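Here is a short briefing on one protein chain. Keep the sequence and the model in view while reading.

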Amino acid sequence: LSSVPDEGDWRPLLFIMTDGKPSDTLAFSEVIPEIKRRPFAKVIACAAGFKADASSLKRLTDTVVSLDTMDSSTFSQFFQWVSATVSANQQNNDSALPPPPAEINIVI
């Protein structure tokens, strides 16, 4: 991947979802700068469930959300929000996120 998108190209979004923490913390630490140098419009990480380590994800991106429950309704709401985020990014070509539904918590 080139580090600079061509004129008129959409900058991709990167969504990461985990229900745990990195099993290889050294490899995770080494890949963080590589991901950050890529031309993503936004990197969005999701900590799914009570065992997910949001602090590791915060090292990768400032945009971390959490799902406290792992039921089908919560997952459905999350993926609807992901779809709305992708759609909004394609229409505006910016990194603004639509507000998440109540089932999704923003990690500060």
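A polar contact of 3.4 Å links the side chains of T63 and K42. The model is predicted. T63 lies in strand β3, which spans residues 63-67. The protein chain holds three helices and four strands. Along the sequence they follow the pattern β-α-β-α-β-α-β.

**T63 and its surroundings**

- Is T63 buried or exposed? T63 has a relative accessible area of 12%. The cut-off for buried is under 20%, so T63 counts as buried.
- Leaving aside residues up to four places away in sequence, T63 touches K42, V43, I44, A45 and L97.
- K42 therefore appears twice: as the side-chain partner of T63 in the polar contact and among the residues that buried T63 touches.
- K42 is where strand β2 begins, as β2 covers residues 42-48.

**Strand β3**

- β3 is mostly covered, with five of its five residues buried.
- Which residues sit on each face of β3? T63, V65 and L67 lie on one side, and V64 and S66 lie on the other. Both faces are covered, and these residues are all buried.
- β3 runs parallel to β2, and five bridges join the two strands. A48 has L67 of β3 as its bridge partner.
- Between β2 and β3, the chain passes through helix α2, residues 54-60. This β-α-β crossover is right-handed.
- β3 pairs with β4 in the antiparallel sense, over four bridges. V65 has I106 of β4 as its bridge partner.

**The sheet as a whole**

- What is the order of the strands in the sheet? The four strands run β1-β2-β3-β4 in an open sheet, and the pairing is mixed.
- The edge strands are β1 (13-18) and β4 (104-107), each pairing on one side only.
- Direction ignored, neighbouring strands of this sheet are turned by 25° against each other on average.
- In general, strands of a sheet pair through backbone hydrogen bonds, either parallel or antiparallel.
- β1 and β2 pair in the parallel sense, over six bridges. T18 has A47 of β2 as its bridge partner.
- Helix α3, residues 72-92, packs on the sheet. α3 touches β1, β2, β3 and β4. The direction of α3 makes about 165° with that of β1.
- β1, α1 and β2 form a right-handed β-α-β unit.

**Salt bridges of helix α1**

- How many salt bridges does a search of the whole structure find? The search finds two.
- One joins R37 and E34, with the closest N and O atoms 3.1 Å apart.
- R37 and E34 are three residues apart in helix α1 (residues 25-37), so about one helical turn separates them.
- The other joins the side chains of E34 and R38, at 2.4 Å from N to O.
- E34, R37 and R38 are thus linked in a network of salt bridges.
- Side chains of opposite charge can pair when their charged atoms come close.
- How accessible are these residues? R37 is partly exposed, at 44% relative accessible area. E34 is partly exposed at 29%. R38 is partly exposed at 22%.

**Chain-wide figures**

- What share of the 108 residues in the protein chain is buried? Buried residues make up 33%.
- Among contacts between residues at least 6 apart in sequence, 67% join residues at least 24 apart.

Methods:
Residues numbered from 1 in each chain as written. Predicted model: local features only at pLDDT ≥ 70, side-chain atom pairs only at ≥ 80, totals over all residues. Heavy atoms only, no water. Buried < 20%, exposed > 50% of the residue type's maximum accessible area, 1.4 Å probe, protein only. Polar contact = N/O pair within 3.5 Å; in protein donor to acceptor, adjacent residues only side chain to side chain. Contact = heavy atoms within 4.5 Å. Salt bridge = Lys/Arg side-chain N within 4 Å of Asp/Glu carboxyl O. Pairing = 2+ DSSP bridges. Axes fitted to C-alpha atoms, helices over the stretch in contact; angles between N-to-C directions. Right-handed = clockwise from strand over helix to strand, strands pointing away.
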